[in-house]
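Student: I'm new to this one and would like a close look at a single part. Could you take me through the cavity and what sits around it?

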Amino acid sequence: MPTYIHELPEWPHFQWSQDQLAKLLAAVRLRQGRLIGRMQALGFPLQEEAVLSTLTEDVLKSSEIEGEILDKDQVRSSIARRLGMDASALPPADRNVEGVVEMMLDATQKFRDPLTADRLFGWHASLFPTGRSGMSKIIVGAWRDEKSGPMQVVSGAYGREKVHYEAPVAGRLDSEMNSFLDWFNGEQNIDPVIKAALAHLWFVTIHPFDDGNGRIARAIADMALARSEDSPQRFYSMSAQIRLERKAYYDLLEATQKGDLDVTEWLDWFLGCLDRAFDGAEKTLAAVFQKAEFWKKYAAAKINERQRDILNRLLDGFEGKLTSSKWALIEKCSPDTALRDITELVDQRILVKDAGGGRSTSYSLAGA
């Protein structure tokens with residue numbers, strides 16, 4: 001009797017109950033549309049900021065799922081630079097960070113381009129620039145082979161390992177991946193969000209690489225979700241939510257890969273996880289929404305460019321106290337100009353004077 005779904009004679013013809021999923025799918029698609037509409041109403045600068053925050057979270061959490069901790073500032077720096085945003089205050093990124101960012105941006109910014117074997121090889125090479133996974137040398141930029149034995153997902157101490165899953169043998173990979181890529185690039189009468197869930201499951205079941213399959217599967221799902229929205233802008237992170245639900249994610253993958261080809265339960269979980277990712281977006285983008293509300297409130301205020309810059313810095317979390325001398329230094333203006341800028345904002349009740357006075361006078365946002 002077959003142990004895994006890829007051994008079934010009907011593989012890879014997945015089945016699912018549309019009736020069981022219809023209500024949840026409709027709710028998820030509605031929330032997806034509302035979030036995108038809300039973000040598009042913010043204006044381009046805040047949209048850029050939201051995309052930067054979301055992609056940073058996505059790269060960090062997708063790596064964390066695999067036990068790899070990346071430096072947040074380096075990730076943010078790499079993304080900002082590649083998207084043409086100001087990254088001058090951020091540190092340069094290591095090559096392993098650059099590789100993960102390169103893969104994610106290629107998937108989401110070029111979502112309309114066909115997914116090919118060569119493109120996947122490029123993603124894989126970006127993830128493993130040294131040709132090693134940890135201390136182990138692996139095949140990079142090509143499908144795995146049989147030299148290292150069966151491709152298994154295992155846990156437990158050496159000698160007492162538990163095999164959770166065993167992938168198709170290497171000799172099947174060309175055929176398996178050709179079928180997958182033809183399907184992914186083709187037109188089917190499938191909702192694009194359902195297609196994202198199926199693509200994730202299908203790819204990670206084939207497990208075509210020596211390592212990095214989970215991260216690439218999530219990038220493929222993000223690519224499919226971008227297609228579902230017809231937009232490269234990312235305002236929520238599926239990987240961040242999967243990180244929070246990591247145990248359920250792995251348990252359900254294992255159960256699905258050891259089951260039959262009815263994947264309703266997997267699709268139900270994926271849609272629920274996506275729905276919860278929208279909740280997560282509210283937290284990730286809280287600062288962006290706060291900034292949007294602030295500028296909406298003071299839309300009619302008379303604010304010059306120096307004042308706007310400092311106010312945005314305060315909204316982003318200004319380090320230390322804001323004084324007139326710091327203002328003059330940051331904005332490269334005279335102390336008199338800095339004090340005049342501040343006084344105008346105090347008079348408009350946008351800034352308030354902190355407790356204290358004299359040479360130590362500092363200022364904060366009103367109501368902060």
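Tutor: Let's start with the space itself: the largest cavity holds about 30 Å³. This is a predicted model, so keep that in mind as we go. Searching the whole structure for cavities of 30 Å³ or more turns up one.

Now for the walls. The residues lining the largest cavity are His-200, Arg-218, Ala-221, Asp-222, Met-238, Ser-239, Ile-242 and Phe-270. Helix H8 (213-229) and H9 are the elements that each give two or more residues to that lining. Sorted by class, the lining has four nonpolar residues, along with two polar and two charged ones.

Stay with helix H9 for a moment, which covers residues 238-244. Gln-241 has its place there too. Is Gln-241 buried or exposed? Its relative accessibility is 9%, and the cut-off for buried is under 20%, so Gln-241 counts as buried. Look at its side chain and you'll find a polar contact, at 2.7 Å, with the side chain of Glu-245. Leaving aside residues up to four places away in sequence, Gln-241 touches Cys-273, Arg-276 and Ala-277.

Those three contacts bring us to another helix, H11, which runs over residues 264-284. Phe-270, one of the cavity-lining residues, lies in helix H11 together with Trp-266. The two are four residues apart, about one turn of the helix.

Next, the rings. A pair of aromatic rings is described by how far apart the centres are and by the angle of the planes. The structure holds 22 aromatic pairs. Take Tyr-249 and Tyr-250: their ring centres are 5.1 Å apart and their planes sit at 50 degrees, so this pair is tilted. With 1% relative accessibility, Tyr-249 counts as buried, whereas Tyr-250, at 33%, counts as partly exposed. Back in helix H11, Trp-266 and Phe-270 have ring centres 6.2 Å apart and planes at 45 degrees, so that pair is tilted as well. Trp-266 counts as buried at 1% relative accessibility, and Phe-270 is buried with a relative accessible area of 0%.

If you'd like to look further afield, there is also a cluster of rings to find. Ring pairs link Trp-11, Phe-14, Phe-121, Trp-143, Phe-180, Trp-183, Phe-184, Trp-202, Phe-203 and Phe-209 into it.

So which residue should you keep in view? Try Phe-270: this residue lines the largest cavity and pairs its ring with that of Trp-266.

Definitions and conventions:
Residues numbered from 1 in each chain as written. Predicted model: local features only at pLDDT ≥ 70, side-chain atom pairs only at ≥ 80, totals over all residues. Heavy atoms only, no water. Buried < 20%, exposed > 50% of the residue type's maximum accessible area, 1.4 Å probe, protein only. Polar contact = N/O pair within 3.5 Å; in protein donor to acceptor, adjacent residues only side chain to side chain. Contact = heavy atoms within 4.5 Å. 1 Å grid on protein atoms, 1.4 Å probe; cavity = no way out; pocket = protein on both sides within 12 Å on 5 of 7 lines; lining within 4 Å. Points joined across faces, edges and corners; volume = space filled by probe spheres on them. Nonpolar A, V, L, I, M, F, W, Y, C, P; charged D, E, K, R; others polar. Phe/Tyr/Trp six-rings, centres within 6.5 Å; stacked < 30°, edge-to-face > 60°.
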